[in-house]
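Colleague: Could you take one part of this model and walk me through it slowly? I'm new to this, so please go residue by residue.

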Amino acid sequence: MRAKLIVGNWKMNGSRAVNATLLEGIVAGLGNAKAQCAVCVPAPYLQQCEDVLTGTPVGWGAQDVSIHACGAYTGEVCATMLSEFGCRYVIVGHSERRAYHREDSALVAKKALAVLAEGMTPIVCVGETLEQREAGETAQVVGAQLDAVLEALDGASVTKIVVAYEPVWAIGTGRNATPAMAQDVHAQLRAQLKARSAEAAAVVPILYGGSMKPENAKDLLAQPDIDGGLIGGAALKAEDFLAIIHAA
């Protein structure tokens, strides 16, 4: 059985005071939750996460990483730096990075390699736009995005990633994928993993990132190939984030 994993992506939100309340609320409300959980925060707040979350069940991570180890790359943050703050996870290939920063799948694969080289877990994001879905290109698009990463990894590394499916058309738009629609894509992604490695298909969590919230979490998480969630807006409220964790 794959353990359920709920990861909060704070995006570019937070302040030291707001973060303290949110993190302390999450830790206090976990109780006997069985799902694994983590928060991926803006880089300036990684030290605060390390201070507050060390010794708790809540992991933490970053939202992006450089492909470079060091050097004259102004504004970049390398994997070694992230590992020094105790990061367990690093998001790579998020739809906002692909759209706003023109990151392609080859670059995402290099970022995944950089994360793995430092002993952290890349959360590899894949997903299609509304135009691509309406054109019947979902399978082709997400398949190519995942294949680019799988082809760059050796057999052992394939089992050390997390995959997140985020239908771009369902993020912050008010439109939602039904549990069955999400399951269809997750099943395809699972089959791709199996084609590369039976072990990877058995152990790699595939998270759903299409506006999961307390109201729909239970139905989504009941699907056989949905192993958790990459949570956006709901991760900024302890009550909502905890509701999703407990639903898992």
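Modeller: Sure, let's start with Leu-146, which touches Val-126, Val-163, Leu-189 and Gln-192, leaving aside residues up to four places away in sequence. Keep in mind that this is a predicted model. Leu-146 is found in helix α7. Is Leu-146 buried or exposed? Its relative accessible area is 0%, so Leu-146 counts as buried. If you want a distance to try on the screen, go from the C-alpha of Leu-146 to that of Leu-113: they are 33 residues apart in sequence and 14 Å apart in space.

Now step back to Gln-145, which also sits in helix α7, residues 138–150. Gln-145 has a relative accessibility of 10%, and buried means under 20%, so Gln-145 counts as buried too. Its contacts, again skipping residues up to four places away in sequence, are Arg-98, Ser-105, Val-126 and Gly-127. Notice Val-126 there: Leu-146 touches Val-126 as well.

Val-126 and Gly-127 make a handy bridge to the next stop, as Glu-166 touches both of them. Why stop at Glu-166? UniProt, in an unreviewed entry, places the feature "active site" at His-94 and Glu-166. These two residues are spread over 73 residues of sequence, yet they cluster in space, with a largest C-alpha distance of 8.3 Å. From this pair, His-94 is part of the lining of the largest pocket.

Let's look at each one in turn. Where is Glu-166? You'll find Glu-166 in the loop between β6 (162–165) and α9 (179–196). Glu-166 has a relative accessible area of 2%, so it is buried. Besides Val-126 and Gly-127, Glu-166 touches Gly-93, His-94, Ser-95, Cys-125, Glu-128, Ile-171 and Gly-209, not counting residues up to four places away in sequence.

His-94 is in a loop as well, the one between β4 (89–92) and α4 (95–100). With a relative accessible area of 6%, His-94 is buried. Leaving out residues up to four places away in sequence, His-94 touches Asn-9, Lys-11, Cys-125, Glu-166 and Leu-230. So what do His-94 and Glu-166 do with their side chains? The side chain of Glu-166 makes a polar contact with the side chain of His-94, at 3.2 Å. There's one more polar atom to find around here: the backbone nitrogen of Glu-96 lies 3.0 Å from a polar atom of the His-94 side chain. And for another distance to try, the C-alpha atoms of His-94 and Val-108 are separated by 9.0 Å, while the two residues are 14 apart along the chain.

Two of the contacts of His-94, Asn-9 and Lys-11, lead us to another annotation. For "binding site", also from an unreviewed entry, UniProt lists Asn-9, Trp-10, Lys-11, Gly-172, Ser-211, Gly-232 and Gly-233. Asn-9 and Lys-11 from this set are in the lining of the largest pocket, and so is His-94 from the "active site" pair. Gly-233 belongs to the loop between β8 (228–231) and α12 (238–247). Is Gly-233 buried or exposed? At 54% relative accessibility, Gly-233 counts as exposed, whereas His-94 is buried.

You may have spotted a cysteine, Cys-125, among the contacts of both His-94 and Glu-166, so here is a quick word on disulfides. How many disulfides are there? The count comes to zero. Take Cys-78 as an example: the closest cysteine sulfur, in Cys-70, is 7.0 Å from its own sulfur, which is too far for a bond. Cys-78 counts as buried, at 7% relative accessibility. Cys-87 is in no disulfide either, with the nearest cysteine sulfur, that of Cys-40, 7.8 Å away. At 8% relative accessibility, Cys-87 counts as buried.

Notes: Residues are numbered from 1 along each chain as its sequence is written. This is a predicted model: local features need pLDDT of at least 70, side-chain atom pairs count only at pLDDT 80 or more; totals for chains, interfaces and linings use all residues. Side-chain values use heavy atoms; hydrogens and water are left out. UniProt positions are given in the numbering used here, feature names are shortened, and annotations may be inferred rather than shown by experiment. On a 1 Å grid over the protein atoms alone, a cavity is a set of points where a 1.4 Å probe fits but cannot get out, and a pocket is an open set with protein on both sides within 12 Å along at least five of seven lines; lining residues have an atom within 4 Å of a point. Helices (H or I, at least four residues) and strands (E, at least two) are DSSP runs, numbered from the N terminus. Buried means under 20% relative accessible area, exposed over 50%, partly exposed in between (1.4 Å probe, protein chains only). Contact means heavy atoms within 4.5 Å. A polar contact is a pair of N or O atoms within 3.5 Å; within protein, one must be able to donate a hydrogen and the other to accept it, and residues adjacent in sequence count only if both atoms are side-chain atoms. A disulfide is a pair of cysteine sulfur atoms within 2.5 Å.
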